[in-house]
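Take a look at the model below. Two topics come up: a sheet, and the meeting of two chains.

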Amino acid sequence: MFNLDRRRFLGLAAAGAVSTGSLLAGCAPGGAPGAGAPKPGGRLRAAFSGGGAAEVLDPHETSLYIEIARSKALFDKLADYGNDMSPQPRLAERWEPSADLRTWRITLRQATFHDGRPVRAADVLASYARITEPGGSRRAKSSLSVIDLPASRAIDDRTVEFQLKRPYAEFPNALATLGAYIIPEGTEDFSQPVGSGPFKFVSFEPGKSFLAARNPDYFDGPPLLDELQIVVTNDEAARVNALLGGQIDYANDLTLTSARTYESGGQIRVLRLPRSNFHGLAMKVDRPPFDRIELRQAMFHLTNREELVRSVLQGSGQIGNDIYGRGYRYYADHLPQRSQDLDKARSLVRRAGAEGMTIDFDTSDASTGLKEAALAISDQARQVGLNLNVRLGNKDTYWSDIADGSVLASYRSGAMPLDSHVSQRLLTSSTTNNTAWQRPEFDELYNAAQSTTDENRRAELYTRMQEQQFNEGGFVWWGASDWIVGAATKVGGIDEEAPANTLEWARFDKVWLA
Amino acid sequence: MIGYLVRRLLLGAVQVLLVVVGVFLLTEALPGDAAVTIAGDKPDPAVIAGLRAELGLDRPMWQRFAEWLGSALQGDLGTSLVGPRPVAEMIGTAAGPTLLLAGLALALLVPLSTGLGVLAARHEGSRLDRLVTSTTLGLYAAPEFAMAILLVAVFAVQLGWFPPTAIGGSLSSNPALLALPILVLLLRPICSLSRLVRAGMIDAQRSPFVQHARRLGLSPTRIRFAHALPNAAAPAVQQLARTADWLIGGVIVVEAIFVIPGLGTSLLEAVSARDLPVVQGLALVFATTTVLVNLGADLAARALSPTSEVGR
């Protein structure tokens, strides 16, 4: 209860601060000036929401945005996701699979840890062993458990040979997965972390501030900045105020309202990173009422995507076509764009025998826009004779509550490759299968896609999976929203096309202060 | 006196125990637990069950509480559920900024509100008195979060006189960071306290003993400060104790708005994460502080005005 109060309260505070700020700030025309040519030196201060006094610097425990930002400053993964979610080599110089896609040979770059030791094959194996420890629940565990570690080995210091438990053509996705960082073998204490990343650890106060200094020996070229400071600021209004007041240079995760308020003022830069969050609905296909395919299709046709992007995302995003990952590798671009068709939806509702039916529709404040989307869609559904009863659940436990407890829920997903979307959500064995989509023939398509070395064949199999989802799936991905970042006008080098959580996002080794 | 103190301390211990039990039950009553919040948007049932076993959350509620109480009585507040740090250490770190804020606010509150109250009472009915009473009433009605937002917008973002938040600085080494938070914390208590002091002073100045003192020819200043004020202060001291309790709550708001990582921020985070040992530890600290502050205030009121019935 207290928690909900706090949320509402801070939400109110945020709105208030923003509107007063805008009134006082006035409205200078024109955008922010550019930051000019790259320039070395200086300390960049970046603000993120944090995890409180319980925060640690163990990169294998990474799950919040701030933890990712700190981890990527200090550590590296073998690979990371590019702007289209395809894996890009990082500490791995290259990867070569065997013909059966079960043996992968990874050649490491010549990189060193901050204490001067080289990054070796043994460090990679030890890091993965730590992540997948039995009984543990580290974030990257499920992605990396495809590796048969006892059978994998270090061929020499710069070559690892991984044995997989099954053929996995997109194995580099696992190397890029969140939290799969490489640490020096035997590290257990992260109070003075040593990594191979672009910045070296200087100091850390949990829940408060983190300071790191330029690593002149970074394999990808030394950073331009001398120092990087990451501070914790949970309240969005405070992040905006601190940015306006010159206390910080970069603020992660601004609200749409703040973006609109300050975009044209010229005081700060507002960056909208596209394809960062996907918004949708999850219908459980294995139980009434959405076991009726007609009713699922009715949902496809009653949804007004443009309206949702305009109102829920305040225009800061693109409409979706009901399948996940527009703009990502293997996305089925050829499918015709669906738009609202109330007559068709009405007749489908009738054919499903669902006229006037009341269906519970779960939502919560767990993520921005979930609630607003649920309310807007329930209005749209009313026009075709469906009564969606919006239920506001607890935000702290929402994802777990809707896992089995709901037939229809407001849903959201961060950026991930199609491979991860399918394997985590759409296979019989998936652990977060929120639409209860369990089809052996669909599983077969995925397994076939991961068992072929032929990229075109894989793309074709992905297309077939997506066609099934498009025609009869349980997800309605109605839109994708931008991730909004604020920066001081003197900050240059921010990649404005990188979805949140990819390689180029919060990549402070490429940023400079003019 | 000793008997009274012992009675009050025993009663206080019972009160603290009741608070801790209540907080435990309320936190338990919240939906979900630490395992669910750690799993977040990837609620794999196997992982959640594993976490529960690892954190000991699969044991009965009464058993966990009994264990917590047993260790707490021996001075061990346990370890956070979501991180590796001991609760006592987390509270110790977070207590610094909160104590600094609350202590400084209290230290400024007493002279400022007494001064304002005495001043208004001395000129009872004058234009100055009316100005003070109406301003304090108006400010008292403004909730502190609204005040904070307004002050930040005007004095930090627009005029740039003070930093808008306490990000990246140390409170003790950079006093400018404290200006707005302290102002927000002080505004309402100053208003309520100065009004109490004013009312008490006016009453006292009309009372027979002050009139008697006047007839004896004592100087007005001496009468005001040595005779009237101590009597007028008794209700204000009670209010001051309530203010000290209130400061703990106000600090939560101020910490959130100005990004100060103190006890209030820790409490919010711990409740969100369902981090029971931390919530319990903080409840213990807050309850004990409240009991002790009230006891202290009652003792002070007795000393100031021995004839009153305060605190019996």
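What follows moves from the sheet in one chain to the contact between chains.

This is a predicted model, in which local features need pLDDT of at least 70, side-chain atom pairs count only at pLDDT 80 or more, and totals for chains, interfaces and linings use all residues. Residues are numbered from 1 along each chain as its sequence is written, while chains are lettered from A and ligands numbered from 1 in the order in which they are written.

Start in chain A. An open sheet of 4 strands runs in the order β5-β6-β8-β7 (chain A), with antiparallel pairing. Strands are DSSP runs of E, at least two residues, and helices are runs of H or I, at least four residues, numbered from the N terminus. Pairing requires at least two DSSP bridges between two strands. At the edges sit β5 (92-97) and β7 (153-156) of chain A, each paired on one side only. From one strand to the next, the twist averages 25° (axes are lines fitted to C-alpha atoms, and angles run from 0 to 180 degrees between N-to-C directions).

Now follow β5(A). It pairs with β6(A) over 5 bridges, antiparallel. E96(A) stands opposite R105(A) in β6(A). The two strands, β5(A) and β6(A), make a hairpin with 5 residues between them, and L101(A) in the turn has a positive phi of about 60°. Strand β6 (residues 103-108) of chain A also pairs with β8 (residues 159-163) of chain A, antiparallel, over 5 bridges. There, W104(A) stands opposite F162(A) in β8(A).

Turn to the chains. In contact (C-beta atoms, placed from the backbone, within 7 Å) are 48 residues of chain B and 43 residues of chain A. On the side of chain B that touches chain A, α7(B) gives the largest share, 9 residues.

Methods. Two residues are in contact if their C-beta atoms, placed from the backbone, lie within 7 Å.
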